[in-house]
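I opened a new chain today and kept notes as I went. The entries follow the order in which I looked things up.

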Amino acid sequence: MTLAPPPPAPATATGVPPTARQLRATARITAVAGPDGTSRLPVLDGDGPLALRRLSSHDGAARVCVVGAMSAPVGGDQLRVEAAAGAGSDLRITAAAATLALPGHHPGTARYDVALDVAEGARLDWLPEPLITAAGSDLIQTTTVDLAPTARLVLREEQVLGRAGEDTGRLRARLTVRRAGRVLLDQETAYGPGVPGWDSAAVLAGHRAVGQLLVVDPAYEERPEPVRTLEAPDGAGQAVVTPLAGPAALVTAVAPDALAVRRLLDAAAIPAGW
């Protein structure tokens with residue numbers, strides 16, 4: 001007797017059978033302030049490719065490194081990082097390496113979502129390494145931040161459009177920052193195939209790396225950061241520092257590569273003591 005093959009898995013609303021879906025992973029980080037002022041990490045929960053490592057600290061801050069445990073995100077992946085700095089705590093988050101967005105074996109747009117919450121009197125630094133969009137990839141990246149009125153934030157985002165010698169994938173990124181429930185910054189950018197004008201003189205002007213550094217600090221209510229412009233010594237890249245109502249300051253940089261972008265962001269940050 002010949003057995004009939006099993007029926008194919010039913011397609012979902014996206015047209016992709018459930019068995020073909022890529023991974024979903026969430027990493028959670030929570031810092032709280034102890035009685036002695038030292039910040040602790042009662043929640044440090046990595047998942048899938050989002051491994052978390054506790055780092056040593058000599059200044060009372062809680063330090064965490066996000067370590068990529070596998071290649072991700074690829075087509076259809078849904079990754080999420082949730083980090084919360086409790087009242088009076090100090091949380092500093094870095095990454096061990098760049099994040100590489102790759103095309104997947106199955107259709108679908110990948111997502112990488114970051115949600116940050118900073119309570120009264122707390123500070124949170126979100127300082128990952130660059131995001132690289134390989135040719136053929138399709139990624140939506142969102143970063144959402146909620147700040148208490150006395151919270152402080154240092155946030156860096158860097159994006160590299162394509163690996164060396166290749167075209168870029170498609171990237172849509174949105175950064176939303178709320179302070180005391182009111183929107184401080186809400187911006188959306190898109191690059192790559194199907195996005196009109198992204199490589200024009202009005203946007204990246206041929207550059208392949210873009211970055212921004214956002215600092216929110218109540219001290220800016222009395223002393224706003226002045227507008228400044230910076231240019232790389234060899235002319236390969238420019239940056240501008242812009243004060244925001246909120247109180248905050250935003251540095252935006254474009255350059256040919258990730259190293260040049262990082263140097264411009266660092267040059268803007270060092271005089272201000274960020």
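**Arg-262 and its surroundings**

I began with Arg-262, which is buried because its relative accessible area is 19% and the cut-off for buried is under 20%. The model is a predicted one, and I read every value below with that in mind.

I placed Arg-262 next: it sits in helix α1, residues 258-272. Then I asked which side chain the side chain of Arg-262 makes a polar contact with. The partner is the side chain of Glu-129, at 3.3 Å. I also listed the contacts of Arg-262, setting aside neighbours within four places in sequence. They are Pro-128, Glu-129, Pro-130, Arg-156 and Glu-158.

Two residues of that list, Arg-156 and Glu-158, pair with each other in a salt bridge. Their closest N and O atoms are 3.8 Å apart. Both Glu-158 and Arg-156 are buried.

**Whole chain**

I stepped back to the fold. I counted one helix and 18 strands. Of the 274 residues, 44% count as buried. I looked at contacts between residues at least 6 apart in sequence, and 68% of these join residues at least 24 apart. The chain exposes about 13,400 Å². Carbon and sulfur atoms supply 54% of that area.

**Nonpolar cores**

I noted the general rule before looking: in soluble globular proteins, nonpolar side chains tend to be buried together. In this chain the largest nonpolar core has 50 residues. Leu-91, Leu-124 and Leu-214 have the most contacts inside it. Strand β8, residues 110-118, gives the most to this core, with five residues. Another core lies apart from it and has 22 residues, including Ile-132, Val-154, Ala-255 and Ala-269.

**Leu-91**

I picked Leu-91 for a closer look. Is Leu-91 buried or exposed? Leu-91 counts as buried because its relative accessibility is 0%. Leu-91 belongs to strand β6, residues 90-95.

I then checked a pair brought together by the fold. Leu-91 and Arg-63 are 28 residues apart in sequence, and their C-alpha atoms are 6.0 Å apart in space.

I listed what Leu-91 touches, not counting residues up to four places away in sequence. Ile-29, Ala-31, Leu-41, Ala-62 and Val-64 are among them. Ala-83, Ala-84 and Ala-85 are also on the list, as are Arg-123, Leu-124 and Asp-125.

**Salt bridges**

Arg-123 and Asp-125 on that list sent me to the charged pairs. How many salt bridges are there? The count comes to 18.

Asp-125 forms a salt bridge with Arg-123, with 2.8 Å between the closest N and O atoms. Asp-125 is buried, since its relative accessible area is 5%. Arg-123 is buried as well, with a relative accessible area of 15%. I traced the pair outward: Asp-90, Arg-92, Arg-123 and Asp-125 are linked in a network of salt bridges.

I took one more pair. Glu-166 forms a salt bridge with Arg-163, the closest N and O atoms lying 3.0 Å apart. Glu-166 is partly exposed because its relative accessible area is 25%, and partly exposed covers the range between under 20% and over 50%. Arg-163, at 39% relative accessibility, also counts as partly exposed.

I closed the page with the two pairs side by side. Asp-125 is buried and so is Arg-123, whereas Glu-166 is partly exposed, as is Arg-163.

Conventions. Residues are numbered from 1 along each chain as its sequence is written. This is a predicted model: local features need pLDDT of at least 70, side-chain atom pairs count only at pLDDT 80 or more; totals for chains, interfaces and linings use all residues. Side-chain values use heavy atoms; hydrogens and water are left out. Helices (H or I, at least four residues) and strands (E, at least two) are DSSP runs, numbered from the N terminus. Buried means under 20% relative accessible area, exposed over 50%, partly exposed in between (1.4 Å probe, protein chains only). A polar contact is a pair of N or O atoms within 3.5 Å; within protein, one must be able to donate a hydrogen and the other to accept it, and residues adjacent in sequence count only if both atoms are side-chain atoms. Contact means heavy atoms within 4.5 Å. A salt bridge is a side-chain nitrogen of Lys or Arg within 4 Å of a carboxyl oxygen of Asp or Glu. Accessible areas come from the Shrake-Rupley method with a 1.4 Å probe; for residues, only the protein chains shown count as cover. A nonpolar core is a set of buried Ala, Val, Leu, Ile, Met, Phe, Trp, Tyr and Cys residues joined through side-chain atoms within 4.5 Å.
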